[in-house]
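Subject: Structure for you to look at

Hello,

I am passing on the structure we spoke about, and below it you will find notes on what came out of it. Please keep it open beside you while you read.

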Amino acid sequence: GAEPSRIELKNTAELLMPQLLRCAFGSGCCRRQGSLRMKRCFLQVQRAGTFLHRRERRRFCSTRAEETWPGMHEIIEVAEMPGKGRGVRARQEVQGGSQVARVEPLARLSSNISDGFASDPLLSAVDLSELLDICEKNQLRFPGMAILMAFQALQHPGGFNDYWSRVYRLQFASMGDSLPPTYKKCYELFVEALVTLLGSQGENLAMNSYTERWFARTLGTLHINVIRCSQSGCSVLLESGSMFNHSCNPNVAVEWEVDKCDHNDTGLGSQALAATFRATRY
């Protein structure tokens, strides 16, 4: 398949804020330094001695039409907002309580990373205990989620290219010129697992598709777009759902649909099946 990392990362002006911000549908945004009245929210995440900075949105090639966003009702649309980038806006008056979107996850990772790996038929067949130890020691989730996505893309019903074109239409953060040591070690362990499972095919994937640049690009996408399902505790990446901008005074609420599996019986824990976005006022 085509190389997911074919998208060049260009240097753009980095927009910094002095405090840690996390914008995810109202979970933890704008609570620190409350006297600061912010008109825009930027993301700054410190991991392994480096910073990820939110970047200006850029266009890139995709096999999917920009106007097609799965699960969105026809009364809303994704549009460019002057000076603000992309966002969701209503095409007409929306009544409070109306469902405006129902979105299934592009990727999800259980609150326990090892459970998420165990749920994948390929990953469950290889020993990733060293990687899991690194993630647990450093309180990292996104390396594990990126690796899970890499194997899910190989099994995606729509095909490898379709999966990554959906991921790569989302905004992402820059990892800088090189991966920090902790992330680099996670990537090396992923490549070892890839080759162990798939042999020469895994070597070709690591050389042509799942490169270090792909890993950085995917981590940057996860840092900007992943949210936590309040009912299951799992991390979720939504395609259309990522287009809803954060607001401290929201007019849309998110309702989660989760499965009913018992963690003690299956070892996999509860998983988010879909997110429903519903207008809360006119």
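In which hand, left or right, does α3 pass α5? Before the answer, please keep in mind that this is a predicted model. The crossing of α3 with α5 is right-handed, and the two helices, of which α3 covers residues 142-154, pack at an angle of about 30° with their axes 10 Å apart. Angles under 35 degrees count as roughly parallel, and α3 and α5 are therefore described as roughly parallel to each other. On the α3 side the contact is made by P143, I147, A150, F151 and L154, which meet Y183, C186, F190, L194, L197 and L198 of α5. Sorted by character, the residues of this contact comprise 11 nonpolar, no polar and no charged.

Helix α5 (residues 181-198) also packs with α2 (residues 129-138), here at an angle of about 160° and with the axes 9 Å apart. That angle makes α2 roughly antiparallel to α5, and the crossing of this pair is left-handed. From α2 the residues E130, L131, I134, C135 and N138 take part, and from α5 the residues T182, K185, C186, L189 and F190. The contact of α2 with α5 divides into 6 nonpolar, 2 polar and 2 charged residues. If you compare the lists, you will find C186 and F190 of α5 in the contact with α2 and again in the contact with α3.

Now to the strands. As general background, strands of a sheet pair through backbone hydrogen bonds, either parallel or antiparallel. One open sheet has 3 strands in the order β6-β9-β8, and its pairing is antiparallel. The edges are held by β6 (107-109) and β8 (227-228), and each has a single partner strand, so one side of each is left without a neighbour in the sheet. Between β6 and β9 (residues 235-237) there are 3 bridges, and L109 has S235 in β9 as its bridge partner. Helix α3 appears again here, since it packs on this sheet and touches β6 and β9, with its direction at about 135° to that of β6.

Another open sheet of 3 strands follows the order β5-β11-β10, also with antiparallel pairing. Its edge strands are β5 (99-103) and β10 (252-258), each pairing on one side only, and the twist from one strand to the next averages 20°. Strand β10 pairs with β11 (residues 272-279) over 7 bridges, where V254 is matched with F277 of β11.

There is also a hairpin, in which β3 (residues 76-81) and β4 (residues 85-90) run antiparallel and are joined by 6 bridges. A79 has G87 in β4 as its bridge partner, while G83, in the hairpin with 3 residues between its strands, takes a positive phi near 80°.

Finally, the aromatic rings form 13 pairs by the rule that was applied. In one of them, F160 and Y210, the ring centres are 5.7 Å apart and the planes stand at 50°, so the pair is tilted. F160 belongs to helix α4 (residues 160-167) and Y210 to the loop between α6 (200-208) and α7 (212-225), so this pair ties together parts that are 50 residues apart in sequence.

With best wishes

Note on methods:
Residues are numbered from 1 along each chain as its sequence is written. This is a predicted model: local features need pLDDT of at least 70, side-chain atom pairs count only at pLDDT 80 or more; totals for chains, interfaces and linings use all residues. Side-chain values use heavy atoms; hydrogens and water are left out. Axes are lines fitted to C-alpha atoms, for helices over the stretch in contact, and angles run from 0 to 180 degrees between N-to-C directions. Helices (H or I, at least four residues) and strands (E, at least two) are DSSP runs, numbered from the N terminus. Angles under 35 degrees count as roughly parallel, over 145 as roughly antiparallel, 65 to 115 as roughly perpendicular and the rest as oblique. A crossing is left-handed if the near helix is turned anticlockwise from the far one by less than a right angle, and right-handed if clockwise. Contact means heavy atoms within 4.5 Å. Ala, Val, Leu, Ile, Met, Phe, Trp, Tyr, Cys and Pro count as nonpolar, Asp, Glu, Lys and Arg as charged, and the others, Gly among them, as polar. Two strands pair if DSSP finds at least two bridges between them. Rings of Phe, Tyr and Trp (its six-membered ring) pair if their centres lie within 6.5 Å; planes under 30 degrees apart count as stacked, over 60 as edge-to-face and the rest as tilted.
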